[in-house]
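Trainee: I have a new model open and would like to walk through it with you. Could we start from the inside and work outwards?

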Amino acid sequence: GGHAFAAGFSLMQEKLAPFLKKVQEFTATIEFDKSSENPPLSIDAELPHDYLTPELLTVYDTFEPYGEGFPPLLFAAKGIKITAASIMGKTQPQHLRLTFDCGTYKWTAVYWQAADKLNVEFKIGDSIDAVFMLGRNTFNGNTVPQMIIQDMRNTGADS
């Protein structure tokens, strides 16, 4: 693996079933600290609108590899306008695909588990402050930069 918590091992086929049983027994006893369900976000950089261009991914890529102990960079941007929003998910429509006007470039974004926030906490035309990671979306052979929203708040409608 690529970090201190990565591991690999071999196992004989006849030992697989007992191994899986032990893993299930062990994991059933794990308790999680409920107070850490929504830990504060540690933002690496606030980006002005002029920096929100596809070239940002080139800089972002120089910080790889990300993994345990070195999470992906987390960015913030203030006052970006929502120009489009749609709910996605075939069997359970619970995610959002958004488009933000960031000045010279329009960014697509995904906001997981946030469909219920559309038209309640924010709507098309509103300006928001966002905390996000960067990624790429590849569809039909085309790759475009995309934001992966971690949190956002409405700063009001753009007049």
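Trainee: Which residues touch the most other members of the largest nonpolar core?

Mentor: Happy to look at that, and keep in mind that this is a predicted model. The largest nonpolar core has 28 residues. Two or more of its residues come from each of α2 (56-61), β2 (75-88), β3 (95-101), β4 (106-111), β5 (126-139) and β6 (142-157). Within this core, the residues that touch the most other members are L52, I80, F100, F132, M147, I149 and M152.

Trainee: Let's take F132 from that list. Which residues does F132 touch, leaving out those up to four places away in sequence?

Mentor: One group of its partners runs L73, L74, F75, A76 and A77. Another is M147, I148, I149 and Q150. To complete the set for F132, add L47 and L52.

Trainee: Now the outside. Is F19 buried or exposed, or something in between?

Mentor: F19 sits in helix α1 (residues 16-28). On the surface, F19 joins F9, L11, L16, L20 and V23 in a nonpolar patch with about 510 Å² of accessible area together. Buried would need under 20% relative accessible area and exposed over 50%. F19 has 33% relative accessibility, so it counts as partly exposed.

Trainee: Stepping back, in what order do the elements of the chain run from the N terminus?

Mentor: There are two helices and six strands to place. Of the contacts between residues at least 6 apart in sequence, 59% join residues at least 24 apart. Read from the N terminus on, the order is α-β-α-β-β-β-β-β.

How values were computed: Residues are numbered from 1 along each chain as its sequence is written. This is a predicted model: local features need pLDDT of at least 70, side-chain atom pairs count only at pLDDT 80 or more; totals for chains, interfaces and linings use all residues. Side-chain values use heavy atoms; hydrogens and water are left out. A nonpolar core is a set of buried Ala, Val, Leu, Ile, Met, Phe, Trp, Tyr and Cys residues joined through side-chain atoms within 4.5 Å. Buried means under 20% relative accessible area, exposed over 50%, partly exposed in between (1.4 Å probe, protein chains only). Helices (H or I, at least four residues) and strands (E, at least two) are DSSP runs, numbered from the N terminus. Contact means heavy atoms within 4.5 Å. Patches are made of residues with over 30% relative accessible area and no salt bridge: like charges are joined within 9 Å, nonpolar side chains (Val, Leu, Ile, Met, Phe, Trp, Tyr) within 5 Å. Accessible areas come from the Shrake-Rupley method with a 1.4 Å probe; for residues, only the protein chains shown count as cover. A salt bridge is a side-chain nitrogen of Lys or Arg within 4 Å of a carboxyl oxygen of Asp or Glu.
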